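I wanted to look up how the ligand is held and what kind of fold surrounds it. My entries follow.

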Amino acid sequence: MNSDEVAIIKKTWETPMATPTDSGAAILTLFFNRYPSNLEKFPFRDVPLAELSGNSRFRAHAGRIIRVFDDSIQALGKDGDLEKIDEIWTKVALSHIPRKISKESYNHLKEVILEVLTAACGLSESQVQVWDKLVEHVNGIIFKAINDDGDAI
Ligand code: HEM
């Protein structure tokens, strides 16, 4: 990622970070509405979709997703950024392997993240491409960890 791309990510990320948990909740709400089978992995699986936004475990996962992206985006552009991002996302992948989250779920989450950010930040076509590159990189790290685990999923 070149310095222009890093600047685009950091600048556009300010909008969702103004209200981090709400931004994460918007992403997860669309994710579960569009791909409801993912709900089955969560302790709030029996909560109706319309009531999810008030559920504390739901809000916790929403906030965590944003937090992990924020840690990665803070690291971007600094010395050792790629190693740091690799470390952050390998940790996420390893903690999720026992939960048997499929690659398809991560791809679906990526699609939803890009859609919510595009709407929230009013991203241009070229800005969407920069975000796509970042989230694709993240998914690459997760998929490598899944593959190294002997394709556990
Ligand atoms: C790619 C972005 C994601 C990030 C940054 C992320 C982050 C986290 C974190 C930090 C935790 C809590 C600590 C832990 O146990 O590992 C967690 C828990 C969890 N994650 Fe994710 N996650 C992501 C994607 C997903 C996806 C796609 C699923 C699919 C269903 C998922 C399912 C879960 C479940 C079921 C838990 C346990 C929740 C609970 O017990 O309340 N995660 N996640």
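I began with the ligand's polar contacts (pairs of N or O atoms within 3.5 Å), and found an oxygen atom of the ligand 2.9 Å from an N or O atom in the side chain of R57. I then found a ligand oxygen 2.6 Å from a side-chain N or O atom of S95, and one 2.7 Å from such an atom of R99. This is a predicted model, in which local features need pLDDT of at least 70 and side-chain atom pairs count only at pLDDT 80 or more, while totals for chains, interfaces and linings use all residues. Residues are numbered from 1 along each chain as its sequence is written, and side-chain values use heavy atoms, with hydrogens and water left out.

Next I looked at the shell around the ligand, counting a residue as near if one of its heavy atoms lies within 4 Å. Of the 17 residues there, R57, H61, S95, H96 and R99 come nearest. By class I noted nine nonpolar (Ala, Val, Leu, Ile, Met, Phe, Trp, Tyr, Cys and Pro), four charged (Asp, Glu, Lys and Arg) and four polar residues (the others, Gly among them). The largest share, five residues, comes from α3.

Finally I turned to the chain, whose secondary structure comes to six helices and zero strands, taken as DSSP runs (helices H or I, at least four residues; strands E, at least two) and numbered from the N terminus. I also noted that 43% of its 153 residues count as buried, that is, under 20% relative accessible area with a 1.4 Å probe and protein chains only. The C-alpha trace spans about 45 × 40 × 25 Å along its principal axes.

Methods
Polar contact = N/O pair within 3.5 Å; in protein donor to acceptor, adjacent residues only side chain to side chain. Buried < 20%, exposed > 50% of the residue type's maximum accessible area, 1.4 Å probe, protein only.
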